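User: I am new to this structure and would like to be taken through it by questions and answers. Could you show it first?

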Amino acid sequence: MTPPPIGPRVARFALDRLGYGPRPDSIDEVLGRGPERWIEDQLAPSPDGSLETRLRPLATLGYSIQETLARYDADQRTIGTALQELRTAHFIRAVHSRNQLEEVLTDFWFNHFNVYEGDSPTRYGIARYEMDAIRPHVLGKFRDLLGAVANSWAMMSYLDNYLSSARAINENYARELMELHTLGVDGGYTQADVQEVARAFTGWGIDQRAGAFVFRAASHDQGAKTILGQRLPASQGKKDGEDVLDLLARHPSTARFISTKLCRRLVSDAPSEDVIARGADAFTSSNGDLAEVLRAIIGTADFWSEAFGPGKIKTPHEYVVSALRALGAEVTSARAFVEGSASSLTSMGMPTYEALDPTGWSDRGTDWLPNPGSHLARMNFVLSLVSQTTQGVAVDLRTLIGNVDASNAAAVTAVVDQRIFGGTMPADVASACRSVGSTGSLQAGFKVVGLALASPAFQAR
Amino acid sequence: MPFDPSRRIFLKGAGVAAVGLGFAPSALLTRAAEAADVGSRVLVQVFLRGGVDGLNLCVPHGDGSYYGLRPTIGLRLADGVRDLDGFFGLHPGLAALRDLYSEGLLALHPTIGNAQLSRSHFDAQDFMDSAAPGDKTVHDGWLDRVARQIPGEDVMQLVALASRTPRSVLGPHPELVLQDLATFSVRAGTGGATWSAEADQLLRGMHTSGSTPVYESGRAVFSAIDRIRTTPALQSSPANGAVYPGGTAGSGLRQAARLIRADIGTRAIYVNVPGSFDTHANQLAANNQEYPALAAALVAFRRDLGSRIDDVLLMVTTEFGRTAAQNGSAGTDHGFAHCGLFLGGSVRGGRVHGAWPGLSSGSLNEGRDLRYTVDFRDVFLSAARWLGVGDLSQVVPRYTPAVDPGLFA
């Protein structure tokens with residue numbers, strides 16, 4: 001790994017790309033620890049006691065699927081409580097966790113293996129899906145992640161595989177497994193492969209009484225199958241599906257597809273062939289070890305040279321989390337800013353857990369901006385945040401500015417530039433921030449922070 | 001439907017009279033259309049995302065194979081299917097559209113598709129938005145290419161009512177993407193109106209220079225704020241007693257009608273409608289949930305526009321149709337030909353267009369899907385021609401047009 005000479009700019013870049021951006025003390029922390037060691041810390045998450053304390057009030061997070069069904073199945077409307085707590089947990093983790101890369105990757109892989117919370121019975125398993133199928137594997141082996149997803153209630157329900165049987169095939173999961181989860185749409189499979197994979201996964205489903213994944217041997221198509229030229233012998237039962245997952249996980253198209261997507265998240269909208277190949281090679285040589293793929297991508301000049309470019313446009317989710325972090329905000333409920341007002345994530349086009357399609361949200365920044373409606377919602381979101389009117393979010397300006405005079409716009413501007421922008425705040429942004437008036441009920445310091453976070457410079461990472 | 005003294009009714013009357021005089025009504029209509037001021041025309045594309053099943057939307061109840069392919073989800077006249085022409089009928093949830101059909105404002109085309117079959121939602125939607133199926137090197141959208149040929153570069157000319165920018169409008173021409181015209185201003189929380197105005201001014205200043213997409217986006221925000229603030233009609237209530245349903249179709253068409261009635265130069269509008277259209281399982285329930293809101297939105301839109309409907313062409317599109325046979329989950333999988341709906345004064349309405357390839361096993365594509373008879377690019381081209389676009393070869397790249405599908409006069 002060869003990061004450029006370390007300074008606040010590079011520290012901010014590392015925090016922006018491998019996390020959700022700096023909190024007020026993060027840049028100092030990365031500089032103190034050194035970027036290599038900080039990155040290694042991120043690649044090996046450690047327990048975070050204060051995060052656990054923050055999550056403790058959210059009782060539904062501990063429920064099994066069976067318990068969730070028992071509590072909410074009679075009245076589907078009330079499951080809103082559990083989904084609300086799941087959303088809040090998602091933001092508390094993203095905003096407060098010291099293991100920032102783990103949070104970025106959990107979000108990345110959830111989106112890669114997207115399921116939609118509006119779908120029933122998918123929704124009863126969505127919390128366990130994120131916590132048990134996705135999160136434990138984001139820095140582990142791809143095959144383990146793929147297997148945990150395939151063996152999950154949420155995925156078997158969302159892509160209808162629980163309805164597929166030898167007599168009545170449903171090919172939804174089979175297609176998306178190849179197109180979206182592994183090979184990619186141009187990864188070299190045919191409609192015949194889709195139908196054969198669908199046969200291999202017959203019997204993979206959910207037990208609605210037990211609240212769990214189940215394999216039903218009686219529904220399984222016991223005939224032989226041929227997938228991507230490989231023959232699966234007859235009468236293998238559940239092993240058919242596991243064999244398909246093996247085959248797909250070690251396919252070169254998968255290595256390339258996964259590397260491309262990770263590069264798009266970490267490097268740029270249009271990563272070079274070179275950096276994609278580095279990631280794909282690491283995927284293949286490490287047998288799909290995701291931490292190794294990340295090391296390979298982070299170790300390229302492509303990655304670090306991004307620190308000196310215009311940056312990648314943040315998704316609405318990245319924007320909201322990074323603003324909350326920059327302010328040093330304390331989040332206890334995500335409700336207001338996910339679905340509340342005209343400046344919520346819903347208005348920005350990215351309501352949490354509500355990507356309807358199996359493709360998930362777009363990972364290209366230019367798909368999110370330019371977009372005047374969504375862009376205005378971003379500005380109004382941070383302006384309302386600094387007005388301290390966002391329910392469930394506590395903002396104490398002292399966390400960011402310490403003992404600096406909150407009525408001194410110039411002094412607050414300097415602190416924001418140093419602690420949030422790593423010294424990169426553009427001159428016109430700084431000059432606008434310094435010029436805020438002191439009239440009205442809102443302190444100048446809050447106005448400065450609002451303008452800085454609404455500025456063009458904070459829309460990219 | 002209340003009396004509507006629109007040019008369309010006049011034209012219809014003129015056409016009928018002309019038959020008696022020995023003139024072909026179509027020729028008369030064409031001449032009248034040419035004489036009309038195409039500069040006031042507006043194209044509206046409604047995109048239903050997920051791959052809508054055309055066979056339960058425009059039900060071929062007269063095709064002997066239909067009920068055999070769909071033993072439990074096939075819809076019968078007795079289920080409330082509204083007959084259109086003795087062979088096709090509308091899904092019961094779309095019954096409200098039957099009046100628009102009778103009035104001659106609505107047409108259906110149940111066999112639209114293209115040769116580059118993609119069963120991937122993502123690819124198929126992308127191919128349609130770019131109007132370049134199979135060609136992933138084309139990144140701009142077909143409506144952007146249409147807008148580029150309309151004089152002027154105003155942000156209000158091309159509007160997408162969507163939460164995210166659809167590929168259709170991507171490209172060099174500026175576009176406005178938003179969900180709600182009524183709340184489009186800088187709102188600086190509890191700091192009061194003075195602080196909101198101050199924030200508006202300072203943020204405006206920060207975006208004046210800079211050439212990256214973020215800066216362009218910011219400039220578009222403030223230019224749109226100004227246009228909306230100075231155009232009260234953009235906040236007006238629906239006209240003629242129109243009542244829009246909730247949901248994205250209702251909200252999108254309500255905003256579209258506002259833009260059209262405000263007469264501020266909007267020429268192309270894209271309305272994105274996500275919904276439960278990807279009906280792999282329990283299709284009947286999903287369709288029953290989505291269709292009434294869609295039909296109510298279209299009926300309200302037509303009523304709201306009054307005689308302006310003559311200058312409007314609305315196309316309802318989707319990325320592909322679904323398998324002819326039902327699957328094992330009382331649903332349908334990704335198929336081929338899809339059904340388009342067309343609403344407006346220039347639509348050759350009151351009929352179901354296109355040849356019918358049939359649903360017998362020998363006539364299905366790959367033994368599973370309804371075949372298409374018209375390429376969607378020919379539909380897009382004829383819509384662009386109707387809008388007054390001069391160079392159609394720029395609208396759909398590298399494509400040799402087939403015959404005009406004859407959907408619009």
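The questions and answers below treat a predicted model.

User: Which element supplies the largest share of the side of chain A that touches chain B?

Analyst: In this predicted model, 57 residues of chain A are in contact with 48 residues of chain B. On the side of chain A that touches chain B, at least two residues each come from α11 (172-182), α21 (372-386), α24 (427-434) and α25 (444-454) of chain A. The largest share, 9 residues, is supplied by α21(A).

User: How many residues of each class, nonpolar, polar and charged, does the side of chain A that touches chain B have?

Analyst: The side in question belongs to the 57 residues of chain A that are in contact with chain B. Sorted by class, the side of chain A that touches chain B has 9 charged, 23 nonpolar and 25 polar residues.

User: Are the residues that point either way from strand β9(B) buried or exposed?

Analyst: Strand β9 of chain B takes in residues 312-318. From β9(B), V312(B), L314(B), V316(B) and T318(B) point one way, while L313(B), M315(B) and T317(B) point the other way. On both sides the residues named are all buried, and the count for the strand is 7 of 7 residues buried.

User: Which residue of β10(B) is the bridge partner of M315(B)?

Analyst: Strand β9(B) pairs with β1 (residues 42-49) of chain B in the parallel sense over 7 bridges, and in that pairing L313(B) is the bridge partner of L43(B). With strand β10 (residues 338-344) of chain B, β9(B) runs antiparallel and is joined by 4 bridges. In β10(B), the partner of M315(B) is F342(B).

User: Which elements give two or more residues to the side of domain 1 of chain B that touches domain 2 of chain B?

Analyst: Chain B is divided into domain 1 (34-180 + 241-394) and domain 2 (181-230), and their centres, taken over C-alpha atoms, are 34 Å apart. Between them, 9 residues of domain 1 of chain B are in contact with 8 residues of domain 2 of chain B. The elements that give two or more residues to this side of domain 1 are β7 (176-178) and α9 (248-262) of chain B.

User: How far apart are the end C-alpha atoms of helix α10 of chain B?

Analyst: Helix α10 (residues 283-305) of chain B has 23 residues, so at 1.5 Å a residue it should span 33 Å. After α10(B) comes G306(B), which has a positive phi, near 55 degrees. The distance between the end C-alpha atoms of α10(B) agrees with the expected span, being 33 Å.

Methods. Residues numbered from 1 in each chain as written. Chains lettered and ligands numbered in written order. Predicted model: local features only at pLDDT ≥ 70, side-chain atom pairs only at ≥ 80, totals over all residues. Contact = placed C-beta atoms within 7 Å. Nonpolar A, V, L, I, M, F, W, Y, C, P; charged D, E, K, R; others polar. Buried ≥ 20, exposed ≤ 12 C-beta atoms within 10 Å, placed from the backbone. Pairing = 2+ DSSP bridges. Domains from an automatic or database assignment. Expected span 1.5 Å × (residues − 1).
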